Amino acid sequence: MPESIWYSSAYCYTTTRNEAGTLNTHLPIHSITKPQQSGYQLSVNAYRDITIPGSTPAAPVAIPPTQFYSSNDIRITLNKRGGRKYTRMSFPVHAGVFTEVETQDLQLHFNLNGEIIRAKGKGSGWTHPHEWLKRTMGNDWIYYSTGGYTGVYETTGEYYLPNMPYTTNGLLGGKPFQLDEVNTVIETWPERITDIAETATSPPDDFRHFLQNVAKNNLQSLAAKAADLFSICGGRSTVLPPDTRHVDYNVIPLTVANGCLYKCSFCEVKNKKPFSPKSTEAIQSQIQKLKKLYGRDLTNYNSIFLGEHDALHRGSPTLLETLDSCYQEFGFSTNYMSGCNAFLFGSASSLLNTPESFFKELEQLPYTVYINIGLESADQQTLDMLGKPISSKLVTDCFQRIQAINDTYSTTEITANFVFDEGLPDNHVPSFLHLVRDSLDRNKPKGCIYLSPLKFGSPSRAQTFVFNRLKVLSRVPTFLYIIQRL
Ligand code: SF4
């Protein structure tokens, strides 16, 4: 195995095929150690082998080399290499390949399509130098705050707290969208790009093209692109699985079935669509349209979200086929972001009805799969109050199956949601603790439980104390579920 390889326009991989026709893709997992004028020296740390019977690898996307330009207090780093994996650090670490534009008072990041993805102010009015704004593919700006670093990691599993500009169920966080500094950055970045394009002194062609491209991706076209995304998927994803936090919510949404089975009366994110599976042709058509929409920036993705609210109920054959198609079409074996993940929601009924063979087959795929099940409560009175039409027995049976799957399979994690709030029946908490503590003989490393505050838009600080008490008592990793849409 080489200790280092030279790298100029993309990154390399090798493939071999055995006598049975099975293709092995050998991906180098490496880190950049020494920038050069025309390329990078990469240290190869490890190789990850992926085997897909009879598959052909997608052509690797050529990522142009990093280039630097500065003039009149402007600095542009074209195609800057960020992390190839999502990393949790107490300081910002950005993943993927992006272009950074920096002025004395502003830092802006753009994806490989020239669309703005992050921004932060550098002036004294900006709340904290480690905090930043992120623009999602749904064209929302999310403010990532440190939360003063007190309890954010313990509560959410992340160092930074996403603050949404819309009403959600968050207990923590401030009101960053009421700050002038934050709104100024969101509203004025296009003018600043125009200024930069006008004042930059003779930028080389690549930089000029970049600035022209960014100018084309103005507020209107970014909003139109988000609308195109929703149109391809048959609507906006009103909620992402909590596990998508592992990839900073950067998932490609692909609808395999509309709606959900239960239509619980308490639920704020459901839609009116009855559960209806998408045909294989409709799924394949979405994949092609998504591939086109994400364009050059597809290489910065390694994760899909199979929507909507009960993709697991779509059935094993279609799910396995869809995962395989996404792997091929989205180029997950060769994308800049390493590894690949699939996220989906399921219900208690769909999980109990899923054959064991599905999980065995999942284990053979190159994906890490996260399936999130909304259980809400193990207490019948609470389920009735929530208008969730399932029995507490079904919840208990489902919880036991979740444990069995998590104990058996290394690359599949089933997580579950429970509600918590003031005013729930007295037996809700004891029945929850019976499941997550008494029924387990040891602490479990996986199978997160997400506790979801019931009320939207009315954070109750007192509930964070309740949460902390439940977390301490739970024998599975337990976090707060902050509902985020795409
Ligand atoms: S909680 Fe889940 S199953 Fe119930 S209505 Fe909401 S999306 Fe549907």
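**A look through the predicted fold**

Let's start at the front end: residues 1-57 have pLDDT under 50 throughout, and the model has 94 contacts beyond four places in sequence for them. Here pLDDT is the predictor's confidence in each residue, from 0 to 100, and two residues are in contact if their C-beta atoms, placed from the backbone, lie within 7 Å. Where pLDDT is low, the predicted coordinates should not be read in detail. This is a predicted model, in which local features need pLDDT of at least 70 and side-chain atom pairs count only at pLDDT 80 or more, while totals for chains, interfaces and linings use all residues. Numbering runs from 1 along each chain as its sequence is written.

For the protein chain, the mean pLDDT comes out at 87, with 86% of the residues reaching 70 or more. The secondary structure adds up to 12 helices and 21 strands; these are DSSP runs numbered from the N terminus, with helices being H or I over at least four residues and strands E over at least two. Of the chain's 486 residues, 39% count as buried. Buried is the label if 20 or more other C-beta atoms lie within 10 Å of a residue's own, exposed if 12 or fewer do, and partly exposed in between, again with C-beta atoms placed from the backbone. Among the contacts with a separation of 6 or more, 69% link residues 24 or more positions apart.

Now for the sheet. Strands of a sheet pair through backbone hydrogen bonds, either parallel or antiparallel. In this structure, 8 strands line up as an open sheet in the order β5-β6-β7-β8-β9-β10-β11-β12, with antiparallel pairing; two strands pair if DSSP finds at least two bridges between them. At the edges sit β5 (67-71) and β12 (161-163), each of which pairs on one side only. On average, neighbouring strands of this sheet are turned by 20° against each other, direction ignored. Angles like those given for the helices below run from 0 to 180 degrees between N-to-C directions, with axes being lines fitted to C-alpha atoms, for helices over the stretch in contact.

Strand β8 is a handy place to zoom in. It is largely enclosed by the rest of the structure, because 4 of its 5 residues are buried. On one side, 4 bridges join β7 to β8, and the two run antiparallel; one facing pair is E100 with H109 in β8. A hairpin with 3 residues takes the chain from β7 to β8. Strand β8 is also joined to β9, by 5 bridges and again antiparallel, and L106 has G121 in β9 as its bridge partner. The β8-β9 hairpin has 5 residues between its strands, and G114 in the turn has a positive phi of about 75°. Moving along, β9 (residues 116-121) and β10 (residues 132-135) run antiparallel and are joined by 2 bridges, with R118 opposite K134 in β10.

Two helices meet this sheet. Helix α2 (residues 180-199) packs on it, touching β6 (74-81), β7 (97-102), β8 (106-110), β9, β10 and β11 (141-145), and its direction makes about 110° with that of β9. Helix α3 (residues 205-216) lies across β5, β6, β7 and β8, at about 90° to β6. In the loop between α2 and α3 we find S202, which has a positive phi of about 40° although it is not a glycine. S202 counts as exposed because it has 8 C-beta neighbours inside 10 Å.

Y249 also has a positive phi without being a glycine, with a value near 65°. Its spot is the loop between α4 (219-233) and β13 (252-255), and Y249 is buried because 22 other C-beta atoms lie within 10 Å. Helix α4 itself holds F230, which is partly exposed because it has 16 C-beta neighbours inside 10 Å. Leaving out residues up to four places away in sequence, F230 touches G235 and R236. The C-alpha atoms of F230 and G138 are 7.9 Å apart, although 92 residues separate the two along the chain.

Further along, G307 and E308 are joined by a cis peptide bond, with omega about 0°. E308 belongs to the loop between β16 (303-307) and α6 (316-329).

Finally, there is the ligand. Around it are C260, Y262, K263, C264, C267, V269, K270, H309, S347 and G374, where a residue is near a molecule if its C-beta atom, placed from the backbone, lies within 6 Å of it. This shell divides into 5 nonpolar, 3 polar and 2 charged residues. Ala, Val, Leu, Ile, Met, Phe, Trp, Tyr, Cys and Pro count as nonpolar, Asp, Glu, Lys and Arg as charged, and the others, Gly among them, as polar.
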